[in-house]
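This report looks at charged and aromatic side-chain contacts. The structure comes first, then the pairs.

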Amino acid sequence: MKTYSKPISLILIGGFSNSENQTLRETLKADEYVFAVATDLYNCLVLAECHHPKVVILDFAAIEHNYLPIIQFLHLLQIPTIILSDDLARNMIQYLSLAGIFATLKKTNNQLELRQTVAIAAYPNGGGAIDGDSQLRDFNLGKLETGKHTKLQDVVNKAIGTAVSQMSEMIACEVKFEMPSAQALSPLFLQKNLIHTLGKNLVSVAQIDFNGDLSGSAKMLFSCDAADALVLALNGGGDVASEEFKQEKADIMGEIGNLAISGIVGTFSNTLKYDLGYVVPHYIEGSAEQIFSAMSFNMRSTIILFMSRFKIIDLAVKGELILFFQARLLLDLLFRVK
């Protein structure tokens, strides 16, 4: 059996012609590399999101009209990116470096430099083990000031506001909420993050999964004590241990969740002109670990998490509204939303 001195690394080459792709593969050919190529930029970025290559090599000519959000997307994924171009001015090269590009190299007469740069990018620890914490990707959407990315935060803010307004009207109580925060995480760190945030105590949740032009999940979470307090206030009392109360709680929480979360999905559908399919939200109870272990995200994908805490003022009841999307949504906004 053949042995390798370093772990096998996937190198993604994108935006070049077929002949240039082949030339780059021949230049970089080594036992420890496998290659994926895409002449279409969108497909290249989809491959990056799904498969997390160790290095991405891009032709600047393919990204120059949208280079900043594309760089930010790859930076979000924490994939070292090498740009090739013969025509970049010095100030642009400096700007790309500040924006997060690993290296900018000449297209021609750079074979040795390219091989060395790819090796450094792919094996920053000399081929040693990768720190598991690298799966956590800090991501501040507020810093992404290019139009399509800002639109994502705007739509989320609008969706959360709609959900809270509809819930407030239904229960006839004032509800205040925080503007949603945003993080990008691997599914493993997403679950750990939420369990850390919510604790391992039993929680009540209304949730909806949606698909179509956009796929994701929206959840409304309460602690069981908060859900009990809300239901007791709305139905005038009762024995929380009784089967009758448990059924009433499921009905009331399901109805509140249906109204609020459907408002979120409807806002996305109407604002982004997406065709979304979903079923009526359902109400469940369980530990945070049980609820989030059931999520069906690809374990190699990057998940964008939006979380907004809210408080029902009259009842002193607190809860969270949470949205999950695969990072693919950023590409859809960048390439498909007009």
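Asp-59 is buried, at 7% relative accessible area. This is a predicted model. Asp-59 pairs with Lys-107 in a salt bridge, and their closest N and O atoms are 3.0 Å apart. The two residues come from distant parts of the chain: Asp-59 belongs to strand E3 (residues 55-59), while Lys-107 sits in the loop between strand E5 (103-105) and helix H6 (111-122), 48 residues apart. Lys-107 counts as partly exposed because its relative accessible area is 28%.

**Salt bridges**

The count for the structure is 6 salt bridges. Three of them are set out here.

| Basic residue | Acidic residue | Closest N and O atoms |
|---|---|---|
| Lys-107 | Asp-59 | 3.0 Å |
| Lys-249 | Asp-228 | 2.8 Å |
| Arg-309 | Glu-320 | 3.8 Å |

Lys-249 forms its salt bridge with Asp-228. This pair links helix H10 (residues 243-272), home of Lys-249, to helix H9 (residues 224-235), home of Asp-228; the separation is 21 residues. Is Lys-249 buried or exposed? Lys-249 is buried, with a relative accessible area of 6%. Asp-228 is buried as well, at 15%.

Arg-309 forms a salt bridge with Glu-320. Arg-309 is in strand E13 (residues 303-312) and Glu-320 is in strand E14 (residues 317-326), so this contact ties together parts 11 residues apart in sequence. Arg-309 is partly exposed at 35% relative accessible area. Glu-320 is buried at 15%.

Which residues do shared salt-bridge partners join into one network? They are Glu-20, Asp-59 and Lys-107.

**Aromatic pairs**

The search of the whole structure returns 7 aromatic pairs. One of them is Tyr-33 with Tyr-123, a stacked pair at 6.5 Å centre to centre, with 15 degrees between the planes. Tyr-33 lies in strand E2 (residues 33-38), and Tyr-123 lies in the loop between H6 and strand E6 (136-137), so the pair ties together parts 90 residues apart in sequence. Both Tyr-33 and Tyr-123 are buried.

Phe-60 and Tyr-67 make a tilted pair. Their centres are 5.7 Å apart, and the planes meet at 45 degrees. Phe-60 is buried, with 7% relative accessibility.

Tyr-33 and Tyr-123 also belong to one aromatic cluster, together with Phe-35.

Terms used:
Residues are numbered from 1 along each chain as its sequence is written. This is a predicted model: local features need pLDDT of at least 70, side-chain atom pairs count only at pLDDT 80 or more; totals for chains, interfaces and linings use all residues. Side-chain values use heavy atoms; hydrogens and water are left out. A salt bridge is a side-chain nitrogen of Lys or Arg within 4 Å of a carboxyl oxygen of Asp or Glu. Helices (H or I, at least four residues) and strands (E, at least two) are DSSP runs, numbered from the N terminus. Buried means under 20% relative accessible area, exposed over 50%, partly exposed in between (1.4 Å probe, protein chains only). Rings of Phe, Tyr and Trp (its six-membered ring) pair if their centres lie within 6.5 Å; planes under 30 degrees apart count as stacked, over 60 as edge-to-face and the rest as tilted.
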